[in-house]
Amino acid sequence: MIYKDDTLLIDENWNYFAESIRHADERELKNKVYHYVGTLCTVNSQTEMDYLYYKTLLNTPWSNDPFDFLNRSIYKVDFQIEIFEKLFTRVSDVNNINIYYGSNIRLINQVKPLFHTIHVAEDFEAVKNIIDTNEGHLFTIIVDTVIDGGKAFQNLESIGLDYNVDFFDVRCLLSYVQGGYVL
């Protein structure tokens, strides 16, 4: 409301995510708006973007405790590694059945290549049906947390399943560019 009469929309070509730049190993900055540069401490990056970010950070009040920033960044990476370790231990079990619990087609298409086979269940009843008809199997459920009115985790816990053991948030497996949280 404050800027409703004083807004200039810019072309999408200006919109860049920092992680995409790092993956592409683009070293020189372009005339772009770079998002999430400081989300993760990327100490091995050779991009001008990261160099300028840290140079600027050192000139702010937050530079008083650079170890806090580094510690939070390392914690995020450790958490992601832990999730992937748990997930891949599960999916490598021959008795495991993978289930995607959600209806977001874009996320389904992003997660499918990570698994040999994956059943898609668009609601909790479909998840229970797959579990009931495959008794004796281990299940790994990849969940879109917004499904079933945001009650997906609650639904799965109600049948005795555990978060980050039996079921995982799909966004923890995907990068920012794919619609996830992974840095």
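**Strand pairing, cores and an aromatic cluster**

Ile-99 of strand E3 has Ile-141 as its bridge partner in E5. This pairing belongs to a predicted model. Six bridges connect E3 with E5, and the two strands run parallel. A further bridge partner in E5 is Val-143, which pairs with Tyr-101.

E3 also pairs with a second strand. Three bridges join E3 to E4, residues 119-121, again in the parallel sense. Here Tyr-101 has Ala-121 as its partner. Between E3 and E4 the chain passes through helix H4, residues 105-111. The resulting β-α-β crossover is right-handed.

E5 in turn pairs with E6, residues 167-169. The pairing is parallel and comprises three bridges. In E6, Asp-169 stands opposite Val-143.

Both E3 and E5 are mostly covered. In E3, six of six residues are buried. In E5, five of six residues are buried. In a regular strand, side chains alternate between the two faces of the sheet. In E3, Asn-96, Asn-98 and Tyr-100 point one way. Ile-97, Ile-99 and Tyr-101 point the other way. Residues of both sets are buried.

The overall architecture frames these strands. The protein chain contains seven helices and six strands. From the N terminus, the order of elements is β-α-β-α-α-β-α-β-α-β-α-α-β. Of its 183 residues, 34% count as buried. The accessible surface is about 11800 Å². Carbon and sulfur atoms account for 53% of that surface. Among contacts with a separation of 6 or more, 53% involve residues 24 or more positions apart.

Nonpolar packing was examined next. In soluble globular proteins, nonpolar side chains tend to be buried together. The largest nonpolar core in the model has 16 residues. Those with the most contacts inside this core are Ile-99, Tyr-101, Val-127, Ile-131, Ile-141, Val-143 and Leu-156. Four elements give two or more residues each: strand E3 (96-101), helix H5 (124-132), strand E5 (138-143) and helix H7 (152-158). H5 gives the most, with four residues. A second, separate core has 14 residues. Its members include Tyr-100, Ile-118, Ile-142 and Phe-168.

Val-143 illustrates the surroundings of one residue of the largest core. Neighbours within four places in sequence are left aside here. Val-143 is then in contact with Tyr-101, Ala-152, Phe-153, Leu-156, Phe-167, Phe-168, Asp-169 and Val-170. Two of these contacts are also partners across strands: Tyr-101 is the bridge partner of Val-143, and Asp-169 stands opposite Val-143 in E6.

Aromatic contacts involve H7 and E6. The structure holds six aromatic pairs. Phe-153 and Tyr-163 form a tilted pair, with 4.8 Å centre to centre and 40° between the planes. Phe-153 lies in H7 and Tyr-163 in the loop between H7 and E6, so this pair ties together parts ten residues apart in sequence. Phe-153 is partly exposed, with a relative accessible area of 22%. Tyr-163 is also partly exposed, at 31%.

Phe-153 and Phe-167 form another tilted pair. The rings are 5.2 Å apart centre to centre, with 55° between the planes. This pair links distant parts of the chain, as Phe-153 is in helix H7 and Phe-167 in strand E6, 14 residues apart. Phe-167 is buried, with a relative accessible area of 0%. Ring pairs thus link Phe-153, Tyr-163 and Phe-167 into a cluster.

The loop between H7 and E6 also holds Asn-164. Is Asn-164 buried or exposed? Asn-164 counts as buried because its relative accessibility is 7%, under the 20% cut-off. Residues up to four places away in sequence are not counted among its contacts here. On that basis, Asn-164 touches Phe-79, Ile-83 and Lys-86.

Conventions
Residues are numbered from 1 along each chain as its sequence is written. This is a predicted model: local features need pLDDT of at least 70, side-chain atom pairs count only at pLDDT 80 or more; totals for chains, interfaces and linings use all residues. Side-chain values use heavy atoms; hydrogens and water are left out. A nonpolar core is a set of buried Ala, Val, Leu, Ile, Met, Phe, Trp, Tyr and Cys residues joined through side-chain atoms within 4.5 Å. Buried means under 20% relative accessible area, exposed over 50%, partly exposed in between (1.4 Å probe, protein chains only). Contact means heavy atoms within 4.5 Å. Two strands pair if DSSP finds at least two bridges between them. A crossover is right-handed if, with the strands pointing away from the viewer, the path from the first strand over the helix to the second runs clockwise. Accessible areas come from the Shrake-Rupley method with a 1.4 Å probe; for residues, only the protein chains shown count as cover. Rings of Phe, Tyr and Trp (its six-membered ring) pair if their centres lie within 6.5 Å; planes under 30 degrees apart count as stacked, over 60 as edge-to-face and the rest as tilted.
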